[in-house]
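Okay, thanks for coming, everyone. I'd like to walk you through one model today, so let me put it up on the screen.

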Amino acid sequence: MNYFKISPFKRYPGNPILKKGNIPYPVNTVFNAGACKYNNMIYLLLRVEDKRGISHLTLARSKNGFDFKVDSHPFMTPANYEPYKTYEKFGIEDPRITHFEDGTYYILYTANSYYRPRIGIARTYDFEKVERISLISEPINKNAALFSEKIKGKFARLDRPDDESIWISYSPDLIYWGNSKVLLSPRMGRWDCLKIGAAAPPIKTEKGWLMLYHGVRPTAAGRLYRLGGALLDLEDPEKVIGISDGFLLGPEEPYERVGDIGNVIFPCGIVVENNGELKLYYGAADSCIAVATANLPDLIDCCLFKSKEEFRR
Ligand code: BMA
């Protein structure tokens, strides 16, 4: 497939699927949502920024993945108890949801405060109750996503502890993390040259873990946020099998170009349907939520285009 001509993604014609007017209480904006399947429905965990500029997380549910009904109240707000209160004072942001086979849904989110962003992890079994497990990084760290199964007997997560590259770390208990290594770095001179971050939890496929990521390029007109992908070895995700050459989706439509922060597409949620259709939920221009679909094998092809070795620093 020649993806220089054709993006593997097709935007939903009804985009954006959620705007601030869809939130049943006054807010500044809604964007960057985690996604998962629960009870045969698609759930989005929306980042909602209130008029003070502080974000919380609210649920939206849909049968078809395109028409969503938003809850009348938040699912998770910045904590009012320690140790979370100090580190969530400026908001909780950009959730990524990982479903484990035992029925647990883990939510990794950015806790923002005077002390800068760090990562929190919470869990729910029913999307009624949610409990925080721990703050799992020091600042400055963002864009964390948990693998959906243990790797060599340990939980594994992706994150960005250096404000630049995607790293991988391991934990026996979701609280204590270590053995951290850099997995993928920005590529000089390219669309993803400034920084990169995991878009959503990696998807397990026959060919490897499909890891979609956002890449940032600085321009005279500000930063451009676009989407790329890489394929990681199933047994040992530290081995990068391949990486997309060009970007796979970038801001083009008016709702992606114009908003609180223009020229941003920022996915945090992916759902794969039984027929191999992948739904990518992304924040657009930090002002609304859009969805684009792709065929999983096509996306994998795009990620096999170049070996990562060619881009090693
Ligand atoms: C990143 C995060 C995202 C945001 C993006 C574009 O650093 O803060 O929440 O969508 O910038 O503004």
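Quick bit of vocabulary before I point at anything: when I say two strands pair, I mean DSSP finds at least two bridges between them. And please keep in mind that this is a predicted model.

Let's start with a sheet in the middle of the numbering. Four strands make an open sheet here, in the order 10-11-12-13, with antiparallel pairing. Who's on the outside? Strand 10, residues 142-146, and strand 13 are the edge strands. Each of those has a single partner strand, so one side of each has no neighbour in the sheet. From one strand to the next, the twist averages 25°.

Now zoom in on strand 12, residues 166-171. Is strand 12 largely enclosed or not? Five of its six residues are buried, so the rest of the structure largely encloses it. On one side, strand 12 pairs with strand 11, residues 155-160, antiparallel over five bridges. On the other, it pairs with strand 13, residues 178-184, again antiparallel, over four bridges.

If you want a residue to follow across, take tyrosine 170. Its bridge partner in strand 11 is alanine 156, and in strand 13 it is glycine 178. Isoleucine 168 also has a bridge partner in strand 13, namely lysine 181.

The turns are fun too. The hairpin of strands 11 and 12 has five residues between the strands, and aspartate 163 there takes a positive phi near 60°. Strands 12 and 13 form a hairpin with six residues in between, and in that turn leucine 174 has a positive phi of about 75°.

While we're here, look at serine 171, also in strand 12. With a relative accessibility of 0%, serine 171 counts as buried. So what does a buried serine do with its side chain? There's a polar contact of 3.1 Å to the side chain of aspartate 173, and the serine 171 side chain also reaches the backbone oxygen of tyrosine 176 at 2.7 Å. Setting aside neighbours within four places in sequence, serine 171 touches Lys154, Phe155, Tyr176 and Trp177.

Okay, next sheet. This one is also open, with four strands in the order 1-21-20-19 and antiparallel pairing. Its edges are strand 1, residues 10-11, and strand 19, residues 265-272, and each of them pairs on one side only. Strand 19 runs antiparallel to strand 20, residues 277-284, over seven bridges. In that pairing, isoleucine 265 stands opposite alanine 284. Then there's helix 3, residues 296-303, which packs on the sheet and touches strands 19, 20 and 21. The direction of helix 3 makes about 90° with that of strand 21, residues 288-295.

On to the ligand, which I suspect is what you've been waiting for. Which residues surround the ligand? We have Asn32, Arg47, Asp94, Lys142, Tyr225, Ile261, Val264, Phe266 and Asp286. Three of these I'd like to give you distances for. Aspartate 94 has a polar side-chain atom 2.6 Å from a ligand oxygen. For lysine 142, a polar side-chain atom lies 3.1 Å from an oxygen of the ligand. And for tyrosine 225, that kind of distance to a ligand oxygen is 3.2 Å.

Cysteines, briefly. How many disulfides do we count? Zero. Take cysteine 193: its sulfur is 19 Å from the closest cysteine sulfur, the one in cysteine 303, which is too far for a bond. Cysteine 303 isn't in a disulfide either, with the nearest cysteine sulfur, in cysteine 302, 6.3 Å away. The cut-off here is 2.5 Å between sulfurs, so that 6.3 Å separation doesn't qualify. As for where they sit, cysteine 193 is partly exposed at 25% relative accessibility, whereas cysteine 303 is buried at 0%.

Last stop: tyrosine 115, in the loop between strand 7, residues 105-112, and strand 8, residues 118-124. Tyrosine 115 is partly exposed, with a relative accessible area of 44%. Here's one to check on your own screens: tyrosine 115 and tyrosine 105 are ten residues apart along the chain, and their C-alpha atoms are separated by 28 Å. Leaving out residues up to four places away in sequence, tyrosine 115 touches Thr86, Tyr87 and Pro139.

That's my tour. Over to you for questions.

Conventions: Residues are numbered from 1 along each chain as its sequence is written. This is a predicted model: local features need pLDDT of at least 70, side-chain atom pairs count only at pLDDT 80 or more; totals for chains, interfaces and linings use all residues. Side-chain values use heavy atoms; hydrogens and water are left out. Buried means under 20% relative accessible area, exposed over 50%, partly exposed in between (1.4 Å probe, protein chains only). Helices (H or I, at least four residues) and strands (E, at least two) are DSSP runs, numbered from the N terminus. Contact means heavy atoms within 4.5 Å. Axes are lines fitted to C-alpha atoms, for helices over the stretch in contact, and angles run from 0 to 180 degrees between N-to-C directions. A residue is near a molecule or strand if one of its heavy atoms lies within 4 Å of it. A polar contact is a pair of N or O atoms within 3.5 Å; within protein, one must be able to donate a hydrogen and the other to accept it, and residues adjacent in sequence count only if both atoms are side-chain atoms.
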